[in-house]
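I opened this entry to note what I looked up in the structure, beginning with a single loop residue and working outward to the whole chain.

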Amino acid sequence: VREVIRLVQDTRKTSGLEVSDRITLQWAAEGELADALRAESALVAREVLATSIAEGTPDDSWVSDESGLRFAIARS
């Protein structure tokens with residue numbers, strides 16, 4: 001979960017979002033990572049300032065080849 005938080009925060013920076021911007025986060029993953037994200041979604045949302053976090057295959061997304069995570073963020 002910490003790695004996901006880091007990936008989202010890095011993506012915020014490269015996308016031109018301010019560190020204080022609220023975002024929406026949509027994600028897709030499998031196995032243990034998906035289980036962990038479901039269990040810790042409140043923590044992830046709090047850490048990345050997400051007003052919503054939803055599981056589902058994002059259309060326009062970033063992919064972490066290492067973890068198999070697909071995610072999309074947008075300013076909310």
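I looked first at Leu49, which sits in the loop between α3 and β2 (50–55), where helices (H or I, at least four residues) and strands (E, at least two) are DSSP runs numbered from the N terminus. I noted that phi of Leu49 is near 60°, a positive value in a residue other than glycine. Leu49 counts as partly exposed because its relative accessibility is 24%; buried means under 20% relative accessible area, exposed over 50%, and partly exposed in between (1.4 Å probe, protein chains only).

I reminded myself that this is a predicted model, in which local features need pLDDT of at least 70 and side-chain atom pairs count only at pLDDT 80 or more, while totals for chains, interfaces and linings use all residues. Residues are numbered from 1 along each chain as its sequence is written, and side-chain values use heavy atoms, with hydrogens and water left out.

Next I turned to Thr11, which belongs to helix α1 (residues 2–14) and counts as buried because its relative accessibility is 8%. Setting aside neighbours within four places in sequence, I found Thr11 in contact (heavy atoms within 4.5 Å) with Trp62, Phe71 and Ile73.

I then followed Phe71, which, not counting residues up to four places away in sequence, touches ten residues' worth of list entries that include Leu7, Val8, Thr11, Leu25 and Trp62. Phe71 is also named, with Val8 and Leu69, as touching the most other members of the largest nonpolar core, which has 19 residues; such a core is a set of buried Ala, Val, Leu, Ile, Met, Phe, Trp, Tyr and Cys residues joined through side-chain atoms within 4.5 Å. The elements giving two or more residues to this core are α1, β1 (23–28), α2 (31–39), α3 (41–48) and β4 (69–75). In soluble globular proteins, nonpolar side chains tend to be buried together.

For Arg70, I recorded a place in strand β4 and a relative accessible area of 31%, which makes Arg70 partly exposed. Leaving aside neighbours within four places in sequence, the contacts of Arg70 include Gln26, Trp27, Ala28 and Trp62.

Finally I looked at the whole chain, which has three helices and four strands and follows the pattern α-β-α-α-β-β-β along the sequence. Buried residues make up 36% of its 76 residues. Among contacts between residues at least 6 apart in sequence, 73% join residues at least 24 apart. I also noted that the C-alpha atoms fill a box of roughly 30 × 25 × 20 Å, taken along the principal axes.
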